Structure formats: structure tokens, C-alpha cells
Amino acid sequence: RGEPLAIRDTRTREAIATLQDTLDVDAVTAIWDAAIEAHPWPGPPVWIHGDLQSGNLLAQHGRLSAVIDFGCLGVGDPACDVMAAWIFLSAETRDVFRAALQVDEATWARGRGWALSVGLIALPYYQDTNPALAGIARRAIHEALADYSASG
């Protein structure tokens, strides 16, 4: 995680092809292309968690209290962790999150690409074996589609 999105291009496009009967291939491909074409992270690599999934975030009284499971910890493009915006948040809360992060358009597009790629690759893998993870994948895809449509 944290590597340039282009490294995920082949696997992501294969996942799109696998799911062609269940999603809008043109829309998903447009989002993916925009993410791939976004300017790469211009700064030095930064620390990233790499796996901000619901099972790795602990909440207490409706507030984030801890982040666990640092198995994907590394350095790279911070857009990898920005993907949480599409995995957890609604359109309204995603706007608040983005304003708080103060990320540029390219980082936002790459973050949306990360969420989309993770969702697309996970969905065919988990759809028959792990309904919870398949649901997270579907949500990431749906939210990336909705966000891209709203921004364009």
C-alpha cells in the first residue's frame, strides 16, 4: 500500500472486467482513469496505516478511540489512507473530512482511486465467502461512483 496507483492498474482493470455484469463499467473506468492520471504525490513518502478498515478502527461513545493492526504500515502516498473517506463516510461527512485534511485535487482523486481499486479487487474475492467484507467493497465502489458523479 502507498505505492503509485499505476502499479495496481492491471489488477484493477481485471476486477472491472470480472464485475462487468454488476456495475457501470464506463463510470468505474472513468474514475479509475482519473485517479491514474492525477499528479503523483510530490512530497517525500509519509507514514501510512494502509488498512483503515472498520475492523481496525475502535470507537467508544461514537468517537474514534484507537487504530489497530499495523500489518500494512509503511511509507508512501498519503492518498492510500485518504481512501477512508469512501469506505466510511457519507457525502456530507466526506466534505468535512476533506476540508479538515486540506488535500489537493490530485490527492483526493488518488484517494478515491484507492478506495475504488480496493473495493473492485475485494468484491469478487469476498462476495461468496465473506458478506461483511463484500459489503465494505460494495460501499467503497458505490461511494466512489457517487462522489465522482457529484464532482463532475
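Arginine 8 sits in the segment that precedes helix α1, which spans residues 9-18. The model in which it appears is a predicted one. Arginine 8 is buried, yet it takes part in no salt bridge. The nearest side chain of opposite charge belongs to glutamate 3, at 4.2 Å, and the pair is not counted because a salt bridge requires a side-chain nitrogen of Lys or Arg within 4 Å of a carboxyl oxygen of Asp or Glu. What arginine 8 does have is a polar contact of 2.9 Å between its side chain and that of serine 117. Once neighbours within four places in sequence are set aside, the residues in contact with arginine 8 are Glu3, Trp32, Trp114, Ser117, Val118 and Ile121.

Charged pairs that do meet the criterion can be considered next. Side chains of opposite charge can pair when their charged atoms come close. By the rule applied here, the structure holds eight salt bridges.

One of these salt bridges lies within helix α1, where aspartate 9 and arginine 13 are four residues apart, about one turn of the helix. Their side chains meet with an N to O distance of 2.7 Å. Aspartate 9 has a relative accessible area of 21% and is therefore partly exposed; arginine 13, at 33% relative accessibility, also counts as partly exposed.

A second pair links distant parts of the chain: arginine 110 belongs to helix α6 (residues 105-126), while aspartate 77 occupies the loop between β4 (74-76) and α3 (79-82), the two being 33 residues apart. The closest N and O atoms of the salt bridge between arginine 110 and aspartate 77 are 2.6 Å apart. Both arginine 110 and aspartate 77 are buried.

The salt bridge between aspartate 147 and arginine 94 has its closest N and O atoms 3.7 Å apart. Because aspartate 147 lies in helix α7 (residues 131-151) and arginine 94 in helix α5 (residues 91-101), this pair ties together parts that are 53 residues apart in sequence. Aspartate 147 counts as buried, with 11% relative accessibility, and arginine 94 is buried as well, with a relative accessible area of 1%.

Arginine 94 and aspartate 147 also belong to a wider arrangement, for a network of salt bridges links Arg94, Arg112, Arg139, Glu143 and Asp147. Arginine 8, with which this account began, is buried without a salt bridge, and its side chain is joined instead to that of serine 117 by a polar contact.

Note on methods
Residues numbered from 1 in each chain as written. Predicted model: local features only at pLDDT ≥ 70, side-chain atom pairs only at ≥ 80, totals over all residues. Heavy atoms only, no water. Buried < 20%, exposed > 50% of the residue type's maximum accessible area, 1.4 Å probe, protein only. Lys, Arg positive; Asp, Glu negative; His and termini not counted. Polar contact = N/O pair within 3.5 Å; in protein donor to acceptor, adjacent residues only side chain to side chain. Contact = heavy atoms within 4.5 Å.
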